[in-house]
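Okay, thanks for squeezing me in. I'll talk through one residue, then one interface, then the cysteines.

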Amino acid sequence: METTLGQLAGIVNGIVTGNSDKRITGASSFENATETDITYVADIKYLKMINQTKAGAYVISKTLPEQFRKTIHQDTIAVDLPQVAFTKLLQFFYSEPEIKHTIHPQSCIGNHCHIGYPASIGPYVVIQDEVVLGDRVHLMGNIYIGHGVSIGNDVKIYPNVTILDQCVIGNRVIIHSGTVIGSDGFGFAPDGSMYHKIIHRGNVQIDDDVEIGASNTIDRATFGRTWIQRGVKTDNLVHIAHNVTIGEHSILVAQVGIAGSTTIGKHVILAGQAGVSGHLHIGDRAIIGPKAGITHSVDPNQIMSGTPEMPHREWLKIQRILTRLPDIRTKLLQLEKRLDSIEKKGE
Amino acid sequence: METTLGQLAGIVNGIVTGNSDKRITGASSFENATETDITYVADIKYLKMINQTKAGAYVISKTLPEQFRKTIHQDTIAVDLPQVAFTKLLQFFYSEPEIKHTIHPQSCIGNHCHIGYPASIGPYVVIQDEVVLGDRVHLMGNIYIGHGVSIGNDVKIYPNVTILDQCVIGNRVIIHSGTVIGSDGFGFAPDGSMYHKIIHRGNVQIDDDVEIGASNTIDRATFGRTWIQRGVKTDNLVHIAHNVTIGEHSILVAQVGIAGSTTIGKHVILAGQAGVSGHLHIGDRAIIGPKAGITHSVDPNQIMSGTPEMPHREWLKIQRILTRLPDIRTKLLQLEKRLDSIEKKGE
Amino acid sequence: METTLGQLAGIVNGIVTGNSDKRITGASSFENATETDITYVADIKYLKMINQTKAGAYVISKTLPEQFRKTIHQDTIAVDLPQVAFTKLLQFFYSEPEIKHTIHPQSCIGNHCHIGYPASIGPYVVIQDEVVLGDRVHLMGNIYIGHGVSIGNDVKIYPNVTILDQCVIGNRVIIHSGTVIGSDGFGFAPDGSMYHKIIHRGNVQIDDDVEIGASNTIDRATFGRTWIQRGVKTDNLVHIAHNVTIGEHSILVAQVGIAGSTTIGKHVILAGQAGVSGHLHIGDRAIIGPKAGITHSVDPNQIMSGTPEMPHREWLKIQRILTRLPDIRTKLLQLEKRLDSIEKKGE
């Protein structure tokens, strides 16, 4: 696609400095951009490397101080949020073409299904009975959709995904390969000698604009629903147990695990490999550090680290002192000796 | 299904208080139950919320003290183990119908296979040569069963599961989606500059009544077998390496990892995200805390936490002291000063 | 297969002691070997158990001291690296037969593909357009290969693997079941109220002689490539984020996670459940301990443990002192009291 800097500025509601007729053919990273690509300056440290990119134009921040702006001799578009603007330019240049209605002959569609239009259903996709697919749903291949599943509009599901019976998927949802939605929760009743399986009667509900990473496992509720609310994004290999709720626009980084019946608030960030015990509540806009093991509920806006967790600042302080623990012990033994000697004198 | 409280009491060997002719049509959770549902009182704190459920009847414990029992004005069934009894009621109301013999035309069955009766083999299931399936085996769809695999009776395998050559699966086993059984163990011989693959000649054996969660990886043995014994239950995203043995009725919570040749005893619980190093033994009825990193063998009945592990009580104590580490350090420095000043005086 | 000890010695460039005409029919482990099997003595502790194996012959180290060698009354082959030699004997006896050219009728091959010869393409394999497969590629079944993927010679891909558009796989690569290669990286631009998806234009490149474990997730680069270099071996459930580079012959043990844009050097070992933050560099031949959480770059040849990481020796020391923390605290309080009493006397 070919356009001008001025047209791109229109898309992102930005202000051009330089040649708005400049011909731009794509958007790329600082390192990979060519002379007809636009790139973006993520932060000031990029300006030091500005000779290293061949990019023909930059998206910059409106708040970039004049002294730094001067160092850029190329044409620019100034915006409020450069990364968001750049994201929109990538979508402008590289969005996938609209899907054509194609139902692969080697796919398997059950009875009483509603398939929207257009739909793209790839090879070896299984759709069981009473499934509802909205419009512009793209099921790439080797996917299993269970009985009574409902999927909204503009949903893209990558290969080797499993969505089991009665789960509900909203609009504009993306589900990456290998993910399992609606597996039975891990619930058993022990009698002292063995475990009795608890039948799981609930489902999983995934709301609009959610993106689920590769090889996630999201268990169905025992009763009711496991609920992934609007705008949530999960990275790869995330585990979400039965009856969990993840609040709107929360972020679960890779290999996070959430135990049963825990509720996560809105705009929460769970960093990589963190774990949260069951039946807890994590407040809105809380941040849970990487590898943290959360054993109690967390108030809104808190930043927590460690296993068991504590406020992040306290944790940092303690980690620093930990490295001096050998010195502390040595000093303690010295003090003891000095005290012994004083006491001896005093006798 | 419709029944009476008295009939349900018969199923769970319980004692009715109230109207045993009461009509009951289902079993549900405290929150979701309707007036013709039975629910169960998990513990005394539920009694405080008893106005919040609409349930028509309760399963309660025979040992519930009279003072609490009085607060329940609905009909009850008293049993020894309420959760186990409730599990049986769920199975009574909601067990899956018996499978009908159906082999999907778009499935692929090899030579010299024995397929039991009835069997339900879904679309895009691959069964390689010399596979033995017992009776009432349900392979849902998009499943791969390798050469010479043997599967018992009443086994349910969810979509997108892979079971590789020569693995042996017992009776009444459930395997959830995305799980891989029989991948090569992670074994390489280093020569100082590269790694040489060790061919894995063993298999995986899964005994009766095991349930394997979604997206587990269970590697085949180098020689001999990786062995999951009777009644074991694993949660999602669990990793079990080559030549591991998991003893009867042990529980592996989500994202646990067990390194090669380790043996886990019977009735062990490994909490979420715990890891166990290779060539260790975890004794019967031991409990390993969440996120623990086990580096030595553990005696039976021990509760261990932390990385590296220590007895759970000790770990709790140390974690509490850790939060006071800044104070400890401050106090130490104060003592030092006081001692300096005493010593000065003494001179 | 049947051979003699002398012939096997030729394969591994070893020296026979005893009967080089001895008939050998297989290679097996110490525990599983029969009288016509050869096994190997991994280390001296095996010699104490030498009565417990029925093996007909042993691979031993040339450097085994004479006193130990005397205790072996069976025929032996002495080599420089017994485990590597044994690996070669396993390959001699048990390598898979050469694949026959078979393209399963229930597979789906796109337009403008190049399929090498011979190729073994199993049931329900999807190969999208413009894919290039080298010679002797084995795609077992239920596999999805995206548009424009390129795969080298002698590659084996297990069932239920997903390789997405434009990824490049080298020669002699093995990819185990459930693995996803080329999922979108976890990149979003926040605007304060929601997250905007960053389109991922890069790919994943996997070089020669790599083995990827089961249920790995390897994300494609935002731009450029995520790069797994020659000879890397990954265990199961490993997560590799966008734009990561893993250097030659590095080892990633099960459940390791590497965040975005981090580069791992050559011959690095990352032990199980370790995590590495984004935008770091791990130097050549570094070793990262199990469960370590790496938050800063690591120099070559370092051994690091803990979260946050520190040199392994220091970490060990601190862990030992940690177990004495209750005593340290008690002693500190005692010293304080003694000091109080001295100061009182001094008044």
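Let's start with A:Gln128, which sits in the loop between strand 12 (126–127) and strand 13 (132–133) of chain A. Before I go on, keep in mind that this is a predicted model.

So, is A:Gln128 buried or exposed? The relative accessible area comes out at 16%, and with the cut-off for buried at under 20%, A:Gln128 is therefore buried. What does its side chain pair up with? That would be A:Tyr144: the two side chains make a polar contact of 2.9 Å. If you skip the neighbours within four places in sequence, A:Gln128 is in contact with A:Gly110 and A:Cys113, and also with A:Tyr144, A:Ile145, A:Gly146 and A:His147. Hold on to A:Cys113 from that list, since I'll come back to it.

Now, over to chains C and B. Chain C puts 66 residues of chain B in contact with 62 of its own. The buried area between these two chains is about 5100 Å², and carbon and sulfur atoms give 67% of that. On the chain C side, the residues losing the most area to chain B are C:Tyr124, C:Lys291 and C:Leu332, which together make up 11% of what that side buries.

What about the polar part? There are 20 residue pairs in polar contact between chain C and chain B, counting pairs with both residues at pLDDT 80 or more. The rule also finds four salt bridges across this interface. I can show you C:Glu343 and B:Arg338, whose side chains meet in a salt bridge at 2.8 Å, N to O.

Which elements of chain C supply at least two residues each to the side touching chain B? They are helix 4 (82–94), strand 28 (233–234), strand 31 (251–252), helix 5 (312–323) and helix 6 (325–346). Helix 6 of chain C has the largest share, with 11 residues. By type, that side of chain C splits into 28 nonpolar, 24 polar and 10 charged residues.

Last bit: cysteines. How many disulfides does a search of the whole structure find? Zero, over all chains. Take A:Cys113 again: the nearest cysteine sulfur belongs to A:Cys108 and is 10 Å away, whereas a disulfide needs the sulfurs within 2.5 Å, so A:Cys113 is in none. A:Cys113 is partly exposed, at 23% relative accessible area. In chain B, B:Cys108 is in no disulfide, and the nearest cysteine sulfur, from B:Cys113, is 10 Å away. B:Cys108 is buried, with a relative accessible area of 13%.

Conventions
Residues numbered from 1 in each chain as written. Chains lettered and ligands numbered in written order. Predicted model: local features only at pLDDT ≥ 70, side-chain atom pairs only at ≥ 80, totals over all residues. Heavy atoms only, no water. Helix = DSSP H or I, 4+ residues; strand = E, 2+ residues; numbered from the N terminus. Buried < 20%, exposed > 50% of the residue type's maximum accessible area, 1.4 Å probe, protein only. Polar contact = N/O pair within 3.5 Å; in protein donor to acceptor, adjacent residues only side chain to side chain. Contact = heavy atoms within 4.5 Å. Buried area = accessible area lost by both parts, 1.4 Å probe. Nonpolar A, V, L, I, M, F, W, Y, C, P; charged D, E, K, R; others polar.
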